[in-house]
Each structure stands twice: as C-alpha cells, then as structure tokens.
Amino acid sequence: MTAIRSQKALGEALARLRYERDVTQEELAVKLGVSRRYISELESGRPTIYGSRLFEVLRDLGAHVEIVKDDQ
C-alpha cells in the first residue's frame with residue numbers, strides 16, 4: 001500500500017497504475033468519457049481534480065482507495 005500525501009504523489013501513483021495495466025492516456029480517457037488532457041493533468045498533479053471523477057479513474061484502474069491521515 002502506498003500513502004499519498006501530495007497531488008504530485010497521487011499523479012505518479014495514477015500513472016504507475018495505468019502503465020502496469022498497459023493502458024494509454026487516450027484509452028483511459030475514452031473509457032471514462034473525459035479528455036486525454038484531463039488524464040494528463042491528473043498524472044502531473046495539477047490541482048484540477050474533481051473528486052467524483054478521480055474515484056472513477058481509481059476504480060477503473062482497479063485501485064483500492066483508503067484515506068490515510070498523516071498526523072505529522
């Protein structure tokens with residue numbers, strides 16, 4: 001399990017999941033009904049993430065989502 005503590009780390013994790021599943025940004029975008037640019041922005045950690053769409057992306061990539069509170 002990887003704890004995500006920044007938008008950059010989230011984007012890197014999304015890209016890694018996509019690569020592991022051999023899915024292009026374009027293929028994922030078409031499947032989700034979003035633009036390839038949106039997927040690119042998610043993966044680059046830009047602050048354009050809409051919560052509901054983000055969880056669709058994670059579910060589609062087969063990720064288990066768990067919120068981890070960082071007490072530091």
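## Exercises on a four-helix chain

Helix 2 has Q25, L28, A29 and L32 as its buried residues. Buried means under 20% relative accessible area, exposed over 50% and partly exposed in between (1.4 Å probe, protein chains only). The model is predicted, so local features need pLDDT of at least 70 and side-chain atom pairs count only at pLDDT 80 or more, while totals for chains, interfaces and linings use all residues. Residues are numbered from 1 along each chain as its sequence is written, and side-chain values use heavy atoms, leaving out hydrogens and water.

**Exercise 1.** Find where the buried residues of helix 2 lie around its axis.

*Solution.* Start with Q25, L28, A29 and L32. They lie on the same side of helix 2, because they cover an arc of only 100° around the axis (the arc of the directions from the helix axis to the C-beta atoms). Now turn to the face pointing away from that buried side: there you meet the exposed residues V30 and K31.

**Exercise 2.** Work out which helices supply the largest nonpolar core.

*Solution.* A nonpolar core is a set of buried Ala, Val, Leu, Ile, Met, Phe, Trp, Tyr and Cys residues joined through side-chain atoms within 4.5 Å. The largest one has 13 residues, and L14, L28, I39, L42, L54, V57 and L61 touch the most other members. At least two residues come from each of helix 1 (7-20), helix 2 (25-32), helix 3 (36-44) and helix 4 (51-60). Helices here are DSSP runs (H or I, at least four residues), numbered from the N terminus.
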